[in-house]
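Student: Please take a close look at one part of this model, a place where two helices meet, and set it in the context of the chain.

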Amino acid sequence: MAGGIPIIKALREGLTANRIQYIVGIINGTTNYILSEMHERGVAFATALAGAQALGYAEADPAFDIDGIDAAHKVTLMSAIAFGVPVQFERAYIEGISQLATIDIKYADDLGYRIKLLGITRRTACGIELRVHPTLVPAKRLLANVEGAMNAVEVHGDAVGVTLYYGRVPAQNPRLRRWWLIN
């Protein structure tokens, strides 16, 4: 679901003794690669996207990734499993990264933040919050330092506290990529 991360198994089996409070994560390696390239090399969005396509991280039509739809599907499924609610994709707030410019990345960096496309779901007094959007993450946090085509999911359970799951997007192997897309 999120690269090589066994997050479904963790939610279903490893964290069953917990009441999950929230899940937040970088769950689309393509967008993380693009944002990392914009940050590390100072390249424009279009250049970073072309690089992602050349490496096999992005499809010829990357809209599903860069518009946040792929991440929204994934966070919606994690939310359903973690909170025992129906899949509610239509209720998710979704914003992608295609409008970000190099100057946005630079300003965030100057202020001590990194911009990451995060999938977020949490239990609130009003129900389940479900959203995907570019987010300012303090540079000292682990999620801010997840680079390239890597994914990371942070889960907070009432008993265990915060746990982090980390893995790579398997884009280089088309057979493995198909499996990743359906799991």
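**Helix 2 against helix 6**

Tutor: The protein chain has seven helices and six strands, where helices (H or I, at least four residues) and strands (E, at least two) are DSSP runs numbered from the N terminus. This is a predicted model, in which local features need pLDDT of at least 70, side-chain atom pairs count only at pLDDT 80 or more, and totals for chains, interfaces and linings use all residues. Residues are numbered from 1 along each chain as its sequence is written, and side-chain values use heavy atoms, with hydrogens and water left out.

Helix 2 spans residues 29–41 and helix 6 residues 102–110; their axes come within 9 Å and cross at roughly 70 degrees. Axes here are lines fitted to C-alpha atoms, for helices over the stretch in contact, with angles from 0 to 180 degrees between N-to-C directions. The crossing therefore makes helix 2 roughly perpendicular to helix 6 (65 to 115 degrees; under 35 is roughly parallel, over 145 roughly antiparallel, the rest oblique). Helix 2 contributes Leu35, Met38 and His39 to the contact, and helix 6 contributes Thr102, Ile105 and Asp109 (contact means heavy atoms within 4.5 Å).

Ahead of helix 2, Ile27 sits in the loop that follows strand 1 (20–26). Ile27 counts as buried because its relative accessibility is 1% (buried is under 20% relative accessible area, exposed over 50%, partly exposed in between, with a 1.4 Å probe and protein chains only). The C-alpha atoms of Ile27 and Met150 are 8.4 Å apart, with these positions 123 residues apart in sequence numbering. Across the 183 residues of the protein chain, 49% count as buried.
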